[in-house]
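Colleague: Hey, could you walk me through this one? I'm new to reading structures, so plain words please.

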Amino acid sequence: VGGYPPPQDNKLVEPGDVVTYEIDLTATGAKTAEAVQVWDVLPSQIGCGQVGVISDSGVCNASVTPNRIEWNPASAPPGLSVPPGTPKKLRYDVLIPEGLGSGTNLDNTAGVRQYRETSNTGTPIDFIPSMNIDPSLNPSANTVPVKDPSRVRLVRAKITKSRTTSIVEPGNSITQATIGERIDYTLTTTVPANTTLFVPEIRDALSARNTYVAGSAEVRLPSGTTISGDSGSAEGGTLSTAGGVILLQNPTSYENTDATDQLITITFSATVDDEAANVRGGSAVPNATSLTWFVEAGGAKRRKNANVSTPIVEPNVAIGKGNSAAGPLQPGGAVDFTVTASNPNGPNVSVAHDLVVRDVLPSGVTAPTAISGGGLYDAPTRTITWNAGKLDPGASVAFTYSTTVGPWSALSQGLVLQNTATA
């Protein structure tokens, strides 16, 4: 019996992979082996629930521990026949389950339980291999062992991503950002113990909605070596950041010979652009990272992804205005105005910073007096300006001033005096 022939044994697999096992039966003598019974004892971590298609009418026996695959004459009369010189291939699929740690070995053993040959006189002779796959038959053994182990090993290379933002204040948490704010990204790649990643590549292509901060990238390798800045090389790895793509490549391999996992960390920053898509209530700014590698030279390419999105927050500034006039005013009549700036609360509403409120007076009123809040009046433009500073979500600030209606010579009957405040 042969399991995966070299170099197919000791394959590296990951949870979620479907592994096809193959058992090669060969009759080395001159006669056909008949009524061949084969068992394949599954790894203790694998059960019949993970077994898929089984060839040649084999069945998975879940009533024994560990579970096993059985090809028996009783279940598939008249049993398996293996002519001399013509190998018989038995196959079955196994889904590698989640929850197994990196470096876990999955060992199983296939063996012939018994088989039969017909003698030259026509008499059937039953052969029972020693060191039998079914220990209960060992006392009756009458021929050499016929069994073979196989192993696959789990490799759980992975990449994770986190991000923090540079401003933390009401309405803008460490996982949210506003226009112009810096987002700091951290990519962490885990290279499992005693594992080699062939031609590994870590790639992070920034969204068109944010811009890489020049010089912010840094790679920290397990040896303690760092690559800092927009480009550089160390220990076979090359960093580049051109076009907003943060890329760490190794054209050969990265080998972890330690008995513990190793970490490769990349940090970099980007700012949120002032563009139409970056608005409160719109979609979050995406960021996607991939880790790709080959599990062995010339083998299957693997890929792991890590994504994170950053919601956009913005102020929700509103302006309101009122006056004290109870009805039509006469020339020389006094009127008081109140200008209120607010930042109504709601989803993704952040602090309004450097808020400036302006009110332009119409020509039919006199220069303002009693301006509150440190407002300044510019006579040529007839504008009052208040530097309101910052306004938290849900907060408001009111400013007042007084003025009088001009003389009849400057007015006409029914004239409406209108002024507009902005923030």
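Modeller: Let's go through strands, salt bridges and empty spaces in turn. This is a predicted model, where local features need pLDDT of at least 70, side-chain atom pairs count only at pLDDT 80 or more, and totals for chains, interfaces and linings use all residues. Residues are numbered from 1 along each chain as its sequence is written, and side-chain values use heavy atoms, with hydrogens and water left out.

Colleague: OK, strands. Which strand does β27 pair with, and over how many bridges?
Modeller: β27 (residues 352-360) pairs with β29 (residues 383-391) through seven bridges, in the antiparallel sense. Strands here are DSSP runs of E with at least two residues, numbered from the N terminus, and two of them pair if DSSP finds at least two bridges between them. To see one such contact, look at Ala-352, whose bridge partner in β29 is Leu-391.

Colleague: And what joins β28 to β29?
Modeller: Three bridges, with β28 (residues 376-378) and β29 running antiparallel. Leu-376 stands opposite Thr-385 in β29. The two strands form a hairpin with four residues between them. In that turn, Arg-382 has a positive phi of about 55 degrees.

Colleague: Switching topic: how many salt bridges are there in the whole structure?
Modeller: The search finds 17. A salt bridge here is a side-chain nitrogen of Lys or Arg within 4 Å of a carboxyl oxygen of Asp or Glu. One of them joins Lys-304 to Glu-14, with the closest N and O atoms 3.2 Å apart.

Colleague: Where do Lys-304 and Glu-14 sit in the chain?
Modeller: Lys-304 is in strand β24 (residues 301-310), while Glu-14 is in the loop between β1 (11-13) and β2 (18-25), so the pair ties together parts that are 290 residues apart in sequence.

Colleague: Is Glu-14 buried or exposed?
Modeller: Glu-14 counts as buried, at 6% relative accessibility. Buried means under 20% relative accessible area, exposed means over 50%, and partly exposed is in between, using a 1.4 Å probe and protein chains only. Lys-304 is partly exposed, with a relative accessible area of 28%.

Colleague: Got another pair for me?
Modeller: Sure, Asp-126 and Arg-116 form a salt bridge, and their closest N and O atoms are 2.6 Å apart. Asp-126 belongs to strand β10 (residues 124-127) and Arg-116 to strand β9 (residues 105-118). Asp-126 is partly exposed at 36%, and Arg-116 is partly exposed at 31%.

Colleague: What about Glu-201, which residue is its partner?
Modeller: Arg-203, with the closest N and O atoms 3.1 Å apart. Glu-201 is buried at 18% relative accessibility, whereas Arg-203 is partly exposed at 33%. There's also a network of salt bridges that links Glu-22, Asp-24, Lys-89 and Arg-91.

Colleague: Now the empty spaces. How many cavities of 30 Å³ or more are there?
Modeller: Three in the whole structure. On a 1 Å grid over the protein atoms alone, a cavity is a set of points where a 1.4 Å probe fits but cannot get out, while a pocket is an open set with protein on both sides within 12 Å along at least five of seven lines; lining residues have an atom within 4 Å of a point. The largest cavity has a volume of about 160 Å³, where volume is the space filled by probe spheres set on the points, and points are joined across faces, edges and corners.

Colleague: What lines the largest cavity?
Modeller: There are 17 lining residues, and Pro-200, Leu-248, Asn-250, Tyr-254 and Ile-264 lie nearest its centre. β14 gives the most to that lining, with four residues. β13 (182-191), β14 (195-206) and β20 (245-249) each supply at least two.

Colleague: Why is β13 described as largely enclosed?
Modeller: Eight of its ten residues are buried, so the rest of the structure largely encloses β13. As for its pairings, eight bridges join β13 to β12 (residues 158-165), running antiparallel, and Thr-165 stands opposite Ile-183. β13 also pairs with β22 (residues 262-272) in the antiparallel sense, over ten bridges.

Colleague: Last one: what volume does the second largest pocket have?
Modeller: About 280 Å³. The residues nearest the centre of that pocket are Thr-26, Ala-27, Thr-28, Tyr-115 and Val-146, and β9 gives the largest share of the lining, three residues.
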